[in-house]
Amino acid sequence: MSEPLVGLEDVVITNSTICFIDGEKGILRYRGYDVHALAEKSTYEETAWLLMYGRLPVASELQAFHEELAKHREVPEGALAILRVIPAKSDAMAWLRTSVSLLSAFDSESEDNSEPANIRKTILLTARLATLVAAIERCRQNLPIIAPDPALDQAANFLYMLTGKKPDELSRRAMDIALILQADHELNASTFAGRVTVSTQSDMYSAVTSAVGTLKGPLHGGANQRVMEMLEAIGTPDQVDGWLKGQLCAKKKIMGFGHRVYTTVDPRAAILKQMSKELSIKVGPAKWYEMSEMLQQAMLKEKNINPNLDFYSATVYRYLNIHTDLFPLIFAMSRVVGWGTHFMEQYRNNRLIRPMTNYVGPQNLRYTPIQERVATPLIP
Ligand SMILES: CC(C)(COP(=O)(O)OP(=O)(O)OC[C@H]1O[C@@H](n2cnc3c(N)ncnc32)[C@H](O)[C@@H]1OP(=O)(O)O)[C@@H](O)C(=O)NCCC(=O)NCCS
């Protein structure tokens, strides 16, 4: 047997028409469109449509999609009632994972894996995850849940449901850009996990639940939360260099740096860096951006490693006054449209995803009666 491909690095498992990455040149395209153009000119709602249907919408299609999202945004009261009894100190991402799974009980088409049902479920989940994230925050703060406003778009609605206040244009746009940039990223770990779930002919809710559980880890979507915790632990710009040297000497990973695919700057990090800079000037305090910039320079010098998407999304969310442990949930509520799109692609051309291990344990052991056994060290 050949050597195992640990971490499945460079393994290509399918053709796809959704997302293109050139990690050496730092290029990311959704359905052929560069993310720089989408971040500058598009909205999350339009980008979501683009991902799902494969081309940019005309005005009437976009308006219909906006109305469809508004129609589905409200979470059924029965689901909210269950959400309210989850202990307030639960991990926020675990809370979301449970809530996503719960939504299936309130959808009569949950077990229908046909394409029309899956399109409808992708739209529904895209609309509802944002409501769930805001509801989780309100529940644990013991505050009343705020119903979505059909006049607002996805980004503005989320901030409104979170705080009860309609956001100013700078905050709405910052959230919109962050959502656009997180909407898809080829075969990342959570998308892969969900595609594996779909490959068994399981349903869309199970696949999204697998994906949320996978996104939760600090090496994936949980990194943005750890970035902010890291900046808070460092405290002030004058501590950055000493802190970083200490961490690198102790062979610790620096959260928000490195990527399996990008060997140059992650284009999403470059865009969010500009947004973080703008917010640091207009909202403040400036120190979060300053410390991030210092860490970026120092990591380049010490390790030649660049920041990834999670690095600057952390300070963008901090400037929007969002609690740190909600950061990965925002990632999930954006990525859900990419997940749904990939899962539909998997359903269309499915084959069970089932790799192998290279067994290196003992063979042909004799089964001994319990009274004859000797307790030897356990195999880890
Ligand atoms: C993203 C990540 C998981 C990619 O992992 P990977 O492709 O398996 O790469 P590895 O973890 O094997 O790292 C390769 C080398 O770079 C180093 N490296 C990678 N990311 C690093 C980081 N954030 N800080 C310090 N060193 C890092 C590793 O220590 C390793 O060095 P070595 O070869 O001397 O042992 C990894 O870069 C990481 O853990 N980053 C921090 C978490 C993060 O920000 N995740 C969000 C990703 S979008």
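This short talk goes through two packed helices, two polar contacts of buried side chains, the largest pocket, and a few backbone features in the loops. Please keep in mind throughout that the model is predicted.

Let me begin with helix 4, which runs over residues 77-84 and has A79, L80 and L83 as its buried residues. If you look down the axis of helix 4, these buried residues fall within an arc of 100°, so they line one face of the helix. As general background, an α-helix has 3.6 residues a turn, so residues three or four places apart point the same way. As for what that face meets, the buried residues of helix 4 pack against helix 5, residues 92-103, and against helix 6, residues 115-140.

That brings me to helix 5, where the picture is one of enclosure: 9 of its 12 residues are buried, so helix 5 is largely enclosed by the rest of the structure. The buried residues are A92, M93, A94, W95, L96, S99, V100, L102 and L103, and they pack against helix 4, helix 6, helix 10 (204-215) and helix 16 (327-348). At the N-terminal end of helix 5 the cap is D91, which has a side-chain oxygen 3.0 Å from the backbone nitrogen of M93. I also looked at the length: at 1.5 Å a residue, the 12 residues of helix 5 should span 16 Å, and the end C-alpha atoms are 17 Å apart, which agrees.

Staying with helix 6 for a moment, I would like to draw your attention to T131, which is found in that helix. What is its state, buried or exposed? With a relative accessible area of 5%, T131 falls under the 20% cut-off and is buried. The side chain of T131 reaches the backbone oxygen of R73 at 2.7 Å, and, if we leave aside neighbours within four places in sequence, T131 is in contact with R73, V75 and M161.

The second polar contact of this kind involves N308, which lies in the loop between helix 14 and helix 15. At 8% relative accessibility N308 counts as buried, although it sits in a loop. A polar atom of the N308 side chain lies 2.9 Å from the backbone oxygen of G258, and, not counting residues up to four places away in sequence, N308 touches G256, F257, G258, H259, D266 and A269.

H259, one of those partners of N308, appears again when we turn to the largest pocket, whose volume is about 1600 Å³. Which residues lie nearest the centre of that pocket? Of the 46 residues that line the pocket, those nearest its centre are N188, A189, H259, R260 and V261. Strand 1 (19-22), helix 9, helix 14, helix 15 and helix 16 each supply at least two residues of the lining, and the largest share, 4 residues, comes from helix 16.

I will now move to V265, in the loop between helix 12 (240-249) and helix 13 (267-282). V265 counts as partly exposed, at 31% relative accessibility. Its C-alpha atom is separated by 9.6 Å from that of L309, which is 44 residues away along the chain. Apart from neighbours within four places in sequence, V265 is in contact with G26, A270 and N306.

Finally, some points on backbone geometry. In general, most residues other than glycine have a negative phi, and most peptide bonds are trans. Against that background, the peptide bond from G284 to P285 is cis, with omega near 0°, and P285 lies in the loop between helix 13 and helix 14, the latter covering residues 287-303.

Positive phi values also deserve a careful look. E186, in the loop between helix 8 (169-182) and helix 9 (189-199), has a positive phi of about 50° although it is not a glycine, and at 32% relative accessibility it counts as partly exposed. N304, for its part, has a phi near 55°, again a positive value in a residue other than glycine. N304 lies in the loop between helix 14 and helix 15 (309-319), and at 59% relative accessibility N304 counts as exposed, whereas N308, placed in the loop between those helices, counts as buried.

Conventions: Residues numbered from 1 in each chain as written. Predicted model: local features only at pLDDT ≥ 70, side-chain atom pairs only at ≥ 80, totals over all residues. Heavy atoms only, no water. Buried < 20%, exposed > 50% of the residue type's maximum accessible area, 1.4 Å probe, protein only. Arc of directions from axis to C-beta. Contact = heavy atoms within 4.5 Å. Expected span 1.5 Å × (residues − 1). Polar contact = N/O pair within 3.5 Å; in protein donor to acceptor, adjacent residues only side chain to side chain. 1 Å grid on protein atoms, 1.4 Å probe; cavity = no way out; pocket = protein on both sides within 12 Å on 5 of 7 lines; lining within 4 Å. Points joined across faces, edges and corners; volume = space filled by probe spheres on them.
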